[in-house]
Every structure is written in C-alpha cells, then in structure tokens.
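Here are some notes to read alongside the model on your screen. Take them one point at a time and find each residue as you go.

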Amino acid sequence: MSKMTPLTLKLIGRMQEVTFSILEYNALNLLHKECSGALNREWLERYFRVEDHDAQAFDDPETQVLADGGIILMAEIAGEIVGTGSLMKMEEGIYEVVKMAVTENWQGKGIGEQLLLALIERARQKKARKLFIVSNTKLEPAIRLYRRHGFNDSAENHHSHYERGNITLEKQL
C-alpha cells in the first residue's frame with residue numbers, strides 16, 4: 001500500500017479555527033479500524049440500519065476495501081479520529097466512494113468536503129476514469145456536497161446491493 005503524506009488543513013469558521021490532518025488508514029493502528037466502523041455505524045444507525053456488507057467492511061477493512069487496491073482515509077483532530085472515507089475498487093478504472101462519515105459534533109465544518117477532495121485526488125493518482133457513489137436522497141447535505149464536486153445522477157444502477165440506496169451519482173475523471 002502506498003503511503004500518503006499527512007495533509008494538514010485549517011478551517012476557519014464562526015470564531016473558531018480547526019486544524020486537522022487527513023491520514024491514510026494504518027492497519028496496525030487499532031484506533032483507525034475501530035473509528036472507521038464506529039463513525040459509519042453512527043450515521044447508519046441514525047438514519048437506516050447497518051447492513052450485512054457494512055458490518056463485513058467494518059470488521060475486516062483490509063480484505064473488504066484495501067486488498068483490491070482501495071484506500072481508506074481518516075480525518076484526525078488532536079489525536080481524535082473525527083471522519084473517514086474510502087475508495088473501493090469495483091473494476092479496472094472504476095471506484096466507488098464508500099463509508100464516508102464525519103462524527104456529528106464535527107459536521108458542517110468542511111471536514112467531509114476535504115475527505116471527498118482527497119479521495120478524488122487519490123482516485124486520479126490511481127488512474128481511475130470514473131467514480132460513483134451510492135446514497136439516499138434523505139441525506140440531502142451529502143447529496144449537495146457530491147453534486148458540488150461534479151457528481152451527477154447516473155443512469156447505471158449501482159445501488160441494488162444496498163437496501164438504503166436509492167440514488168447513484170457518478171463523476172468522470
């Protein structure tokens with residue numbers, strides 16, 4: 001697995017400056033594995049339910065996401081993992097953006113957007129020609145974020161493997 005130099009960003013909001021780093025998932029760091037699953041369980045349990053394939057990815061991200069050339073990124077603030085996002089290789093040149101989550105206390109501060117931009121850049125480095133995202137129209141802020149960064153409705157139905165999926169968005173790279 002290639003290593004990523006940590007990307008440190010400052011976000012300046014309403015009277016608060018936040019410095020965070022985007023790190024590549026480290027399989028030897030138990031906090032990374034624990035938080036990747038916990039952050040996603042947080043939003044899934046709030047809006048939907050954890051499906052079997054979600055649980056498999058949380059229990060074994062090395063096999064389910066990384067083994068085929070995928071990546072997992074983590075957003076860290078002062079040693080706390082507050083966000084995550086992944087690319088899962090579906091076929092040569094095509095990746096799915098999966099398991100995007102920012103803990104509720106840190107939402108709305110641009111962390112999810114920076115994770116998405118880092119994933120798009122990593123996909124370009126991997127010579128991907130297309131990204132897609134399966135989501136649900138109930139997640140309006142996420143859908144707006146994806147559209148703002150060039151994802152459009154897809155004619156392809158990639159969401160049949162998710163009970164909660166009712167929309168597929170794609171981006172040509």
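1. A bit of vocabulary before we start: Ala, Val, Leu, Ile, Met, Phe, Trp, Tyr, Cys and Pro count as nonpolar, Asp, Glu, Lys and Arg count as charged, and the others, Gly among them, count as polar. With that in hand, look at the lining of the largest pocket: it has 18 nonpolar, 8 polar and 11 charged residues. Keep in mind throughout that this is a predicted model.

2. Let's stay with that pocket for a moment. The largest pocket has a volume of about 890 Å³. Which elements give two or more residues to its lining? They are α1, β5 (94-102), α4, β6 (130-135) and α5 (140-148). In total 37 residues line the largest pocket, and M100, P141, A142, L145 and Y146 are the ones that lie nearest its centre.

3. Now step back to the whole chain. The protein chain holds 5 helices and 8 strands. If you trace it from the N terminus, the order of elements is β-β-α-α-α-β-β-β-α-β-α-β-β. Try following that order on the model with your finger.

4. How is the chain packed? The protein chain has 173 residues, and 49% of them count as buried. Among contacts with a separation of 6 or more, 59% are between residues 24 or more positions apart. The chain exposes about 9100 Å², and carbon and sulfur atoms supply 48% of that.

5. There is an enclosed space to find as well. The count comes to 1 cavity of 30 Å³ or more, and about 50 Å³ of space lies in the largest cavity. Its lining is made by S36, N40, A57, F58, P61, V65, I72, S86 and K99. The elements giving two or more residues to this lining are α1, α2 (52-59) and α3 (61-66). Sorted by class, the cavity lining comes out as 5 nonpolar, 3 polar and 1 charged residues.

6. Next, two arginines to compare. R122 sits in helix α4 (residues 111-125), while R41 sits in helix α1 (residues 30-47). Is R122 buried or exposed? R122 counts as buried because its relative accessibility is 6%, and buried means under 20%. R41 has a relative accessible area of 27%, so R41 is partly exposed.

7. What do these two arginines touch? The side chain of R122 makes a polar contact with the side chain of Q125, at 3.2 Å. R41 touches V50, A55, F58 and D59, leaving out residues up to four places away in sequence. Take A55 as one of these partners: R41 and A55 are 14 residues apart in sequence, and their C-alpha atoms are 8.8 Å apart in space. One of the other partners, F58, may ring a bell, as F58 also lines the largest cavity.

8. Finally, check two backbone angles. A78 is not a glycine, yet it has a positive phi of about 50°. You'll find A78 in the loop between β3 (71-77) and β4 (80-91), and A78 counts as exposed because its relative accessibility is 83%. K127 is not a glycine either, and its phi is positive at about 65°. K127 lies in the loop between α4 and β6. With a relative accessible area of 68%, K127 is exposed too.

Conventions: Residues numbered from 1 in each chain as written. Predicted model: local features only at pLDDT ≥ 70, side-chain atom pairs only at ≥ 80, totals over all residues. Heavy atoms only, no water. Helix = DSSP H or I, 4+ residues; strand = E, 2+ residues; numbered from the N terminus. Buried < 20%, exposed > 50% of the residue type's maximum accessible area, 1.4 Å probe, protein only. Polar contact = N/O pair within 3.5 Å; in protein donor to acceptor, adjacent residues only side chain to side chain. Contact = heavy atoms within 4.5 Å. Areas by Shrake-Rupley, 256 points an atom, 1.4 Å probe, with all protein chains shown as cover. 1 Å grid on protein atoms, 1.4 Å probe; cavity = no way out; pocket = protein on both sides within 12 Å on 5 of 7 lines; lining within 4 Å. Points joined across faces, edges and corners; volume = space filled by probe spheres on them.
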